[in-house]
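Reader: I'd like a close look at one part of this model, walked through in plain words. Could you pick a spot and build outwards from there?

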Amino acid sequence: MTGEVLWRPRPDAGETTTIGAFGRWLSDRTGTDLSAYRDLWRCSVDRPGLFWGGVWEYFGLGGPVPEDRVLPSASMPGASWFPDERLNYAQAVLAAPGMDAGDVAVLGYSDTRAPVEWTLTELRSQVARLRAGLLAAGIGSGDRVAAWMPNVPETYALMLATASIGAVFSSCAPEFGARAVVDRLRQIEPAALFVADGYRYGAKTIRRDREIAQVVAELDPKTVVTFPYLDEGFQAGEAWADFGRDGELAFAAVPFDHPLYILYSSGTTGLPKAIVHGHGGIAVEHAKMLGLHHDLGPGDRFFWYSTTGWMMWNYLASAPLVGAAVVAFDGAPDPEGLWRLAEESGATYFGTSAPFLMACRDRGVVPKEVADLSRLKGIGSTGAPLPPAGFDYVHESVSATAQLQSLSGGTDLCTGFIGGAPTVPVWRGELSCRCLGADVQSFDPNGRDGIGREGELVIASPMPSMPVGLWGDADRKRYRDTYFDRYPGIWRHGDWITITDRGSAVISGRSDATLNRGGVRMGTAEFYSVVEAVPGVADSLVVHLDEEDRLLVFVEVSVAFDGALEAAIRAAIRSELSPRHLPDEVVAVPKIPRTVTGKKIEVPVKRILQGVPVDQAVARGSLADPAALEAFRPKG
């Protein structure tokens with residue numbers, strides 16, 4: 001942590017940004033000067049009722065709510081938010097404040113078909129037709145609607161249509177193999193399943209007929225609808241011709257915590273957790289992040305490279321809440337092509353992953369020479385820590401004027417809770433600030449907060465977008481065990497964090513082992529179930545070296561390890577999981593290291609491969625066979 005400033009806010013940022021205007025508005029209400037970010041953040045965590053009630057009202061989600069009725073119970077888990085209010089997320093999105101009916105609301109780009117643009121009127125019309133189709137199919141409030149679909153405008157409209165009637169949406173990326181899809185969707189028993197017949201990734205065409213048949217047979221949904229993505233004859237918006245119906249655009253007013261959609265954890269230690277998010281929590285959280293932190297509003301176009309299997313798709317989908325348009329892309333993340341897409345789409349905010357930025361750097365791509373990026377005011381990076389060299393690359397090769405916002409958060413809250421703000425500097429290699437309303441602290445083992453030293457990342461006060469619950473967890477035991485196991489009443493997130501005296505932060509690693517490549521998140525438990533099903537593979541361990549974006553698979557084999565066995569492993573990963581998770585190396589080792597209780601030690605192995613001495617990475621006494629570590633010790 002050098003403290004080197006790479007970007008400073010404009011001198012008039014307090015007068016020209018939404019966060020500046022919101023700070024003045026809230027200052028008038030409190031009689032306290034909240035123009036400085038640090039003061040506004042402190043108010044947001046000390047007086048959550050005042051702050052979140054302000055977000056609710058300022059962004060037009062509802063009328064004034066007394067401070068004591070915003071958060072009448074702040075206990076965790078079980079905090080009670082806005083118990084007297086009703087709303088509908090889809091209605092809030094489609095209200096699109098500041099956007100005219102003829103303005104472009106969603107732009108879709110794809111490796112599979114020509115670009116698509118829908119105005120706000122066209123988007124509303126598509127949502128109305130899908131809504132009527134869902135109702136005709138018998139879908140009602142609380143029913144689950146699942147989509148194994150690409151990041152295209154039609155999927156977006158389907159999510160909003162589902163939300164409009166109070167049904168619950170869930171999606172998987174088309175790159176997921178059949179087993180990964182079934183592992184997720186079987187838990188929620190969808191009444192309707194929407195699937196794409198295939199897709200193109202770069203120049204390659206992938207058909208999904210066999211996998212669709214397998215998924216449908218295992219899930220047995222009442223309704224199955226196929227999206228003819230590979231059919232060059234259909235027109236965008238007519239894909240649901242046999243399903244959609246003429247109908248009015250209407251919205252069910254639901255309680256604040258009514259389930260909106262279900263996201264999934266990575267499946268590191270078993271089946272992916274089905275994480276339920278609510279209408280109100282997502283609406284106020286995303287309005288805050290997109291409006292205040294990213295400074296998006298009418299006239300902006302928001303792009304974040306993601307698939308429908310990553311929470312950043314849900315984050316992107318909220319852009320019209322603050323009057324901004326959605327820019328969606330489905331396809332391969334070409335290191336030059338995505339920057340040209342930013343120019344073509346008129347994007348004002350470009351979001352991607354840290355590995356993508358580092359890949360562009362490593363290939364010598366200079367984005368500002370590839371495309372006109374003068375419209376960009378923000379560049380977002382998430383999915384893994386962005387190293388200092390990545391900050392330098394963005395500043396020097398992308399834009400010196402657009403603010404780089406390195407964002408850290410997660411699927412569990414469907415947001416970032418450490419990031420940047422237009423009134424806060426960017427320090428090289430650091431996340432600029434704790435986000436408003438996010439009481440992020442660094443705990444030592446005794447639960448004491450500290451500045452300037454590494455500790456466990458916790459959230460000490462409730463946030464509205466904390467999950468409504470986990471699907472199927474009726475007594476909420478799994479929910480408590482997942483997030484509140486270490487510190488009673490305190491959310492433990494699973495990261496190591498250092499908070500500086502400047503208010504910035506550095507994330508130094510995760511305590512889980514999520515694999516995230518190209519926007520497709522995959523858990524190691526799912527990975528192992530496929531690899532270890534290959535004849536001859538006795539055991540396995542997978543590690544993703546984030547900064548290098550290298551995926552390594554280590555296998556313990558019961559037969560000779562040769563080219564044929566390696567090819568079989570790769571074929572299984574491609575067909576059953578995701579082609580984006582094909583490993584850079586498959587390495588045979590004598591023994592996969594496990595603890596005495598039988599757990600694979602993924603994180604310690606990762607740290608050893610990154611150069612951490614073995615005795616610092618893991619306590620040998622905890623291992624069933626300490627000698628198994630020798631195969632992972634760097635040579636030389």
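**Arginine 131 and the sheet**

Author: Let's start with arginine 131, which sits in helix 7, the stretch from 120 to 136. Keep in mind that this is a predicted model. Is that arginine buried or exposed? Its relative accessibility is 13%, so it counts as buried.

So what does arginine 131 touch, once you leave aside its neighbours within four places in sequence? The contacts are Ala161, Ser164, Ile165, Glu248, Ala250 and Phe251. With alanine 250 there's a polar detail too: a polar atom of the arginine 131 side chain lies 2.9 Å from the backbone oxygen of alanine 250. You can also relate arginine 131 to methionine 159: the two are 28 residues apart in sequence, and their C-alpha atoms are 9.7 Å apart in space.

Now for helix 8, which covers residues 153–164. Helix 8 lies across strands 5, 6, 7, 10 and 12, and runs at about 155 degrees to strand 6. Helix 9 (residues 178–185) packs on the sheet as well, touching strand 5, strand 6, strand 7 and strand 12. Its direction makes about 160 degrees with that of strand 6.

And the sheet itself? It is an open one with seven strands, in the order 10-7-5-6-12-13-25, and the pairing is mixed. Strand 10 (223–227) and strand 25 (469–470) stand at the edges with a single partner strand each, so one side of each has no neighbour in the sheet. Elsewhere in that order, strand 5 (residues 144–148) and strand 6 (residues 168–172) run parallel and are joined by five bridges. If you want a pair to find on screen, look for alanine 147, which stands opposite serine 171 of strand 6.

For an antiparallel pair, go to strand 8 (residues 198–201) and strand 9 (residues 204–207), which are joined by four bridges. Here glycine 198 stands opposite arginine 207 in strand 9. The two strands make a hairpin with two residues between them, and glycine 202 in the turn has a positive phi of about 65 degrees.

One last thing, since you may be wondering about cysteines: how many disulfides are there? The count is zero. Take cysteine 414: the closest cysteine sulfur belongs to cysteine 435 and is 14 Å away, too far for a bond, given that a disulfide needs the sulfurs within 2.5 Å. Cysteine 414 is also buried, at 0% relative accessibility. For cysteine 360 the relative accessibility is 0%, so that residue counts as buried.

How values were computed: Residues are numbered from 1 along each chain as its sequence is written. This is a predicted model: local features need pLDDT of at least 70, side-chain atom pairs count only at pLDDT 80 or more; totals for chains, interfaces and linings use all residues. Side-chain values use heavy atoms; hydrogens and water are left out. Two strands pair if DSSP finds at least two bridges between them. Contact means heavy atoms within 4.5 Å. Axes are lines fitted to C-alpha atoms, for helices over the stretch in contact, and angles run from 0 to 180 degrees between N-to-C directions. Buried means under 20% relative accessible area, exposed over 50%, partly exposed in between (1.4 Å probe, protein chains only). A polar contact is a pair of N or O atoms within 3.5 Å; within protein, one must be able to donate a hydrogen and the other to accept it, and residues adjacent in sequence count only if both atoms are side-chain atoms.
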